[in-house]
Amino acid sequence: MSFAIDNEVKDRVRLAVNIVDLIGSYGEIRRQGRGFVAACPFHDDRRPSLQVNPDRQTWKCWVCDIGGDVFSFVMKKESVGFPEALRMLADRAGIVIESPKERGSRDDKKRLYEAMKWATQEFHECLLSAPEANAAREYLEGRGITDESIRKFQIGFAPESWSWLLDRGGSKSFSPDVLESIGLAARGDRGSRYDRFRNRAIFPIRDPSGRPIAVGGRVLPGASPDTAKYVNCNETRLYHKSHQLYGLDLARESIVKAKQVVVMEGYTDVIMAVQHGIGNAVACCGTALGEGQIKLLRRYCDSVVLLLDGDEAGQKRTREILELFVSEQMDLRILTLPDGLDPCDYLLKHSGTQLKSLLSTAVDALEHKIRILCQGFDPLIDTHRANSALEDILETMSRVTRDTLVTSESSRLRHDQLLARLSRQFGVEQSEIRMRIDSIRQKASERAKQRQEFRQMQAAPPLSLATAADKQNAAPVMPPATQNIVYKYSELNAIECELFEVMALFEDVVPMAIERFPVTTLSSTTAKKIFQVYLDLELAGHTLDFESVLSAVEDAGIKNVLVSIEEQASRKAVLAKMTPDERLHSLCERLSGQEDRAYRRQQINLLEKKQVDAETELDLLNQIVLQNRLKHGLVQTDNP
Ligand SMILES: [Zn+2]
């Protein structure tokens, strides 16, 4: 097996093995508080010191100061390397690790599509005619969903049984393995399979060409209160939730015709919208709208109305979404429905015509942002708050590339209007604002370049290894050099800790963190290694949640560091007053303050040492003055 075992295999094994069972199989484990404790097998443990976190699927011993996930537990306990630990855990869970070639074959994927198509049809027919689907039919009817919609969206029902689908699959030769790999079956403690969807209304998720690739299951009234409202398929070879939109297959034509798409939050919102004549509606499948989905929508139109539920959680995410839109040169409008209603309820209470006329009043998102940022103070008086609000707005505006402004008349016009407006509102010269945007743009492109170099540097084999291998061509494969490096949590500085803590807790802000954080400031091997893991996963389009990152890493030391980061993060999260977004923002601000100071110090040093000629000296002095002016906010220039 190669060292670079692909992440899909790791994910499958990770999801199939429960850490509580695993550690329990080595000795006694008992519940304590929200987690479990066991005697630590790595030191002479009198009281159980090994803490097990079932939510994160991690373990930690504070006495030994080590921790990790299922993989690193086995590595440590059995004194084996990662590949061996993976194999042992796969055996334990009854997972056969095929070579990537076998798995990648087209026939194999075709089979998965067939299985999904068959399963959604089974669910659908069950809803239409089975007596046990009565309650589900009543529920849908009660929600105002018509028979036509049930057929159009192929809504289904999964009966209350642990093996309804598995049993049927057997007779159609869709094996439990196949059903598991498309996310419809799950695996129990002893490796036995069971139906993941039970007693739920089933909403098939189809790709833009109409092929079913996953399903979402909604709980029915009367289920016990601790049942999750929605269950979705996990990520599979067919389904990457961040690249799919519910209802897009049916909405495509309407979107092209209307030159606009309306993005909602729930399946029933979309169904209800279509019933009320709003055909260009889609929904995110349990995620916030992200880059993959925006790129997908861009194929059909370049204007999006984001329909937010009245709650604040929806509002908070708009900053990042807005930046994505600006960089994709798409027009984003935002609409919040009155009385905290979701679209489905709104439509049941009012009408499609009313929603359409509300949609036409949706505010431009940048305008929306300016309004929100300038709420509650006078930008002409409170200069400190004004500066940070303006900085924030300019950060977003800087995403419009110069090329766009040159080539697109309408973008340029809109850009100029905004500049004029900001200039009036903040009492700052337009020229000054332009200069600031340019400097933000320049910094961003420098960071991107550095990130590129960082990637290449981390990916290149260490020099000593490369030359050794060159010398003797037939040399056996060298172990990765990283095996000799010891990664330590204590190597991380305060800023890196904060960065990785935010990234560990909030996968949504990870892409933004990657883009904003200047890689050149990463100080230690440990920090660089962790950042690289994130970069690699991002490049591969993998999900960036903490568990995925943890299992993508094969080095037990890094796993240990990650667990420490997550522990710290969870402890602090209770105290954190800022949103993840704000934490990231303030982190980068602190950092750029440091960067600027370091750069100035270096320039002043040069001047003091008189290592430059007169012309350069004047140049440097001018630069320092300019930086200071920018730094101290966008005060009016003292031109007459
Ligand atoms: Zn210990």
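Start by selecting Ala38 and Leu50: Leu50, in strand 3, is the bridge partner of Ala38. You're looking at a predicted model, by the way, and this pair is a handy way into the first sheet.

**The five-stranded sheet**

Widen the selection to strand 2 (residues 35-38) and strand 3 (residues 50-53). The two run antiparallel, joined by three bridges. Now colour strand 2 by its two faces. Phe36 and Ala38 make up the covered face, while Gly35 and Val37 sit on the uncovered one. So which residue of the covered face did we start from, the one whose bridge partner is Leu50? That was Ala38, which pairs with Leu50 in strand 3.

Next, step over to strand 1. Four bridges tie strand 1 to strand 2, again antiparallel. Pick Gln32 and you'll find Gly35 of strand 2 standing opposite. How many residues lie between the two strands of this hairpin? Two, and one residue in the turn, Gly33, has a positive phi of about 60 degrees.

Zoom out to take in the whole sheet. It is open, has five strands in the order 1-2-3-4-5, and its pairing is antiparallel. The edges are strand 1 (29-32) and strand 5 (66-68), each of which pairs on one side only. From one strand to the next, the twist averages 25 degrees.

Go to the strand 5 edge now. Strand 4 (residues 58-61) and strand 5 run antiparallel and share three bridges. To see one of these pairs, select Trp59 and its bridge partner Gly68 in strand 5. Then show helix 28 (residues 556-573), which comes from much further along the numbering. Helix 28 lies across strand 4 and strand 5, and runs at about 90 degrees to strand 5.**Helix 3 and its end**

Move along the chain to helix 3 (residues 70-78). Are Val70, Phe71, Ser72, Phe73, Val74 and Met75 buried or exposed? They are buried. Keep going to Ser79, just after helix 3, and check the backbone: Ser79 takes a positive phi of about 50 degrees. Most residues other than glycine have a negative phi.

**Two packed helices**

Select helix 1 (residues 7-16) together with helix 4 (residues 82-93). Their axes are 9 Å apart and the helices pack at an angle of about 50 degrees, which makes helix 1 oblique to helix 4. The crossing is left-handed.

For the contact itself, show side chains on both helices. Helix 1 brings Lys10, Val13 and Ala16, and these meet Leu86, Leu89, Ala90 and Ala93 of helix 4. Sorted by class, this contact has six nonpolar residues, no polar ones and one charged.

**A stop at Asn134**

Asn134 is your next pick, and its place is in helix 7 (residues 134-142). Asn134 counts as exposed because it has 10 C-beta neighbours inside 10 Å, and 12 or fewer is the cut-off for that label. While you're there, draw a distance to Phe157. The two are 23 residues apart in sequence, and their C-alpha atoms are 9.8 Å apart in space.

**Parallel strands around strand 15**

Now centre the view on strand 15 (residues 303-308). Five of its six residues are buried, so call strand 15 mostly covered. Add strand 13 (residues 261-264), which pairs with strand 15 in the parallel sense over three bridges. Strand 16 also pairs with strand 15 in the parallel sense, here over six bridges.

Which residue in strand 15 is the bridge partner of Val261? Select Val304. Leave Val304 selected and look towards strand 16, where Leu332 stands opposite.

**Two positive-phi residues in loops**

Two loop residues round off the tour.

- Asn199: find it in the loop between strand 8 (193-195) and strand 9 (200-206). Phi of Asn199 is near 50 degrees, a positive value in a residue other than glycine. Asn199 is partly exposed, with 19 other C-beta atoms within 10 Å; buried would take 20 or more.
- Asp339: follow strand 16 (331-336) out into the loop that leads to helix 16 (343-349), and Asp339 is there. Phi of Asp339 is near 60 degrees, again positive in a residue other than glycine. Is Asp339 buried or exposed? Asp339 is exposed, with 8 other C-beta atoms within 10 Å.

Notes
Residues are numbered from 1 along each chain as its sequence is written. This is a predicted model: local features need pLDDT of at least 70, side-chain atom pairs count only at pLDDT 80 or more; totals for chains, interfaces and linings use all residues. Axes are lines fitted to C-alpha atoms, for helices over the stretch in contact, and angles run from 0 to 180 degrees between N-to-C directions. Angles under 35 degrees count as roughly parallel, over 145 as roughly antiparallel, 65 to 115 as roughly perpendicular and the rest as oblique. A crossing is left-handed if the near helix is turned anticlockwise from the far one by less than a right angle, and right-handed if clockwise. Two residues are in contact if their C-beta atoms, placed from the backbone, lie within 7 Å. Ala, Val, Leu, Ile, Met, Phe, Trp, Tyr, Cys and Pro count as nonpolar, Asp, Glu, Lys and Arg as charged, and the others, Gly among them, as polar. Two strands pair if DSSP finds at least two bridges between them.
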